[in-house]
Amino acid sequence: METTQGRRRAFASIAALCALLAAAPLYAAGPAEIASADRALWPQPIDSPAAFDRASRAEILAFAHELTLAEPLDDAALAQRLRLKQIDRASLDKIRARWWQRLADNYRLAARACAPREPFCAPAADAAALRKLAAGFDAAPTPAFAAWRSDAARFHRIYLDEQLRLAALFPRTSSEIDTYSAQEVDGSELPDRQFLLTFDDGPTAPGGSTDALLRTLREHKLNATFFVLGERLQPRLAAEAPAKTYAGMCVASHGWQHQSHSRWPQWQDSVIRSNALVRSETGALYRPLFRPPYGQRRADSGEFFREQGLRVALWTIDSQDWNAKVDAGQVQGRLLSLMLLWRHGTILFHDIHDKARTALPWVLRQTRGAGVQWFDCRRYPLAD
């Protein structure tokens, strides 16, 4: 009898575990490395529009070179390189084609004012021409750029793998790598040299990193959109009104809890509850945006968000400030290299971590005079 009961309990435990796993979101193992760049190896300041463009052309060519090297890999070889069991070829082909178009557009923007014999200035009128140019970009044009070129090869190989993993998993595992419709925004629609700052997962307790970051933003006369969690915002209400805490900023919802929507039955309730709280407590600072945790949302969720009057807000540049594998110095090098590569977009930070408070002022100093503009969060999204 005891043996039978024991078996029944064991079977029940196994069944419960299977049910739990079935209900949980599926995450592939993350990349083995996180890309970080050593900007000290770039031999020139980036303190003018021409200097920004020169560095931008270099980063575009370095990334495009790694992209050309990876393209001949078949599905099995690419899956092995990315540590995945399978890849979605249609998604990969679509996103790689989009990358080539963006890279070609960015290269043309960066090459508009090339001086005679300027480094990284060979002409490329379209994506096909850039592909050919990038294929041969396997060495620095002069010895002054040799150390940078070696580090850039490492950085862009690792960064490319980060992005290829996301592309290979989409749409089975959704992320910021692609949008489902024009109702979703990610910052790729911003003008050249313009970047939107965003911060996720807060607020922290009073006196924590959220408040310190807000002081830093105000000192530099910047604003940003804070995507807050309902379960973190609610405990702060007794201490200070959010409209005062976030004065001068924009506030939107990140959900009630930080859970992926992929297999969470309560995701709609999380959106509704958090959005209602943010909207009622922040007044004019409220933005009708929703950022899904991990960037993961359902392919069929568009109608729900339209009914709620919300647009899904993703990002194009992940600072990786949340990642324990990189410190604040590595975050700042990564961020500047990606700003040079993509030339515009939405930057993802997290105010529950303190790395942005170090990285952001450094990037501001490095790009002073370079023509970089920080987009006013109150004007985003752009009018359709």
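**Note on the predicted model: strands, salt bridges and a pocket**

1. In strand 5, Val312 is the bridge partner of Phe290, and this pair is a convenient place to enter the structure, which is a predicted model. Strand 4 (residues 286-290) and strand 5 (residues 311-312) run parallel and are joined by two bridges. On the other pairing of strand 4, Phe290 is also the bridge partner of Ser253, and here strand 3 (residues 250-253) pairs with strand 4 in the parallel sense, again over two bridges.

2. The connections between these strands can be followed through two helices. Strand 3, helix 10 (residues 267-282) and strand 4 form a β-α-β unit that is right-handed, and a right-handed β-α-β unit is likewise made by strand 4, helix 11 (residues 302-307) and strand 5. Strand 4, which takes part in both units, is mostly covered, since four of its five residues are buried.

3. Helix 6 (residues 146-169) deserves attention next, and Ile158 is one of its residues. Is Ile158 buried or exposed? Its relative accessible area is 10%, and because the cut-off for buried is under 20%, Ile158 counts as buried. Apart from neighbours within four places in sequence, Ile158 is in contact with Glu33, Ile34 and Ala35. The C-alpha atoms of Ile158 and Ala32 are 9.0 Å apart in space, although the two residues are separated by 126 residues in sequence.

4. Side chains of opposite charge can pair when their charged atoms come close, and the count of salt bridges in this model comes to 25. One of them joins Arg193 to Asp53, with the closest N and O atoms 2.7 Å apart. This pair links distant parts of the chain, for Arg193 lies in the loop between helix 6 and strand 1 (194-200) while Asp53 lies in helix 2 (residues 49-70), 140 residues apart. Both partners are covered: Arg193 is buried at a relative accessible area of 10%, and Asp53 is buried at 8%.

5. Two further salt bridges tie helix 6 to other helices. The side chains of Arg81 and Asp161 meet at 2.8 Å, N to O, and they connect helix 3 (residues 75-82), where Arg81 lies, with helix 6, where Asp161 lies, across 80 residues. Here the partners fall into separate classes, in that Arg81 is partly exposed at 23% relative accessibility, whereas Asp161 is buried at 14%. Glu162 forms a salt bridge with Arg334, the closest N and O atoms being 2.9 Å apart, and this pair brings together helix 6 and helix 12 (residues 328-342) over 172 residues. Glu162 is buried, with a relative accessible area of 6%, and Arg334 is buried at 2%. Beyond such pairs, salt bridges with shared partners join Asp53, Arg112, Asp192, Arg193 and Arg343 into one network.

6. Which residues lie nearest the centre of the second largest pocket? They are Trp99, Arg102, Trp315, Thr316 and Trp342, out of 18 residues that line this pocket. Two or more lining residues come from each of helix 4 (89-110), helix 6, strand 6 (317-318) and helix 12, and helix 4 gives the most, with four residues. The volume of the second largest pocket is about 250 Å³.

7. Some points of backbone geometry should be checked by eye. The peptide bond joining Phe170 and Pro171 is cis, with omega about 5°, and Pro171 sits in the loop between helix 6 and strand 1, which is also the loop that holds Arg193. A cis peptide bond is found from Tyr380 to Pro381 as well, with omega near 5°, and Pro381 has its place in the segment after strand 8 (373-374).

8. Finally, two residues that are not glycines have a positive phi. Arg83, in the loop between helix 3 and helix 4, has a phi of about 60°, and its relative accessible area of 47% makes Arg83 partly exposed. Phe120 also has a positive phi of about 60° and is found in the loop between helix 4 and helix 5 (127-135), but Phe120 is buried, at 6% relative accessibility.

Terms used:
Residues numbered from 1 in each chain as written. Predicted model: local features only at pLDDT ≥ 70, side-chain atom pairs only at ≥ 80, totals over all residues. Heavy atoms only, no water. Buried < 20%, exposed > 50% of the residue type's maximum accessible area, 1.4 Å probe, protein only. Contact = heavy atoms within 4.5 Å. Salt bridge = Lys/Arg side-chain N within 4 Å of Asp/Glu carboxyl O. Pairing = 2+ DSSP bridges. Right-handed = clockwise from strand over helix to strand, strands pointing away. 1 Å grid on protein atoms, 1.4 Å probe; cavity = no way out; pocket = protein on both sides within 12 Å on 5 of 7 lines; lining within 4 Å. Points joined across faces, edges and corners; volume = space filled by probe spheres on them.
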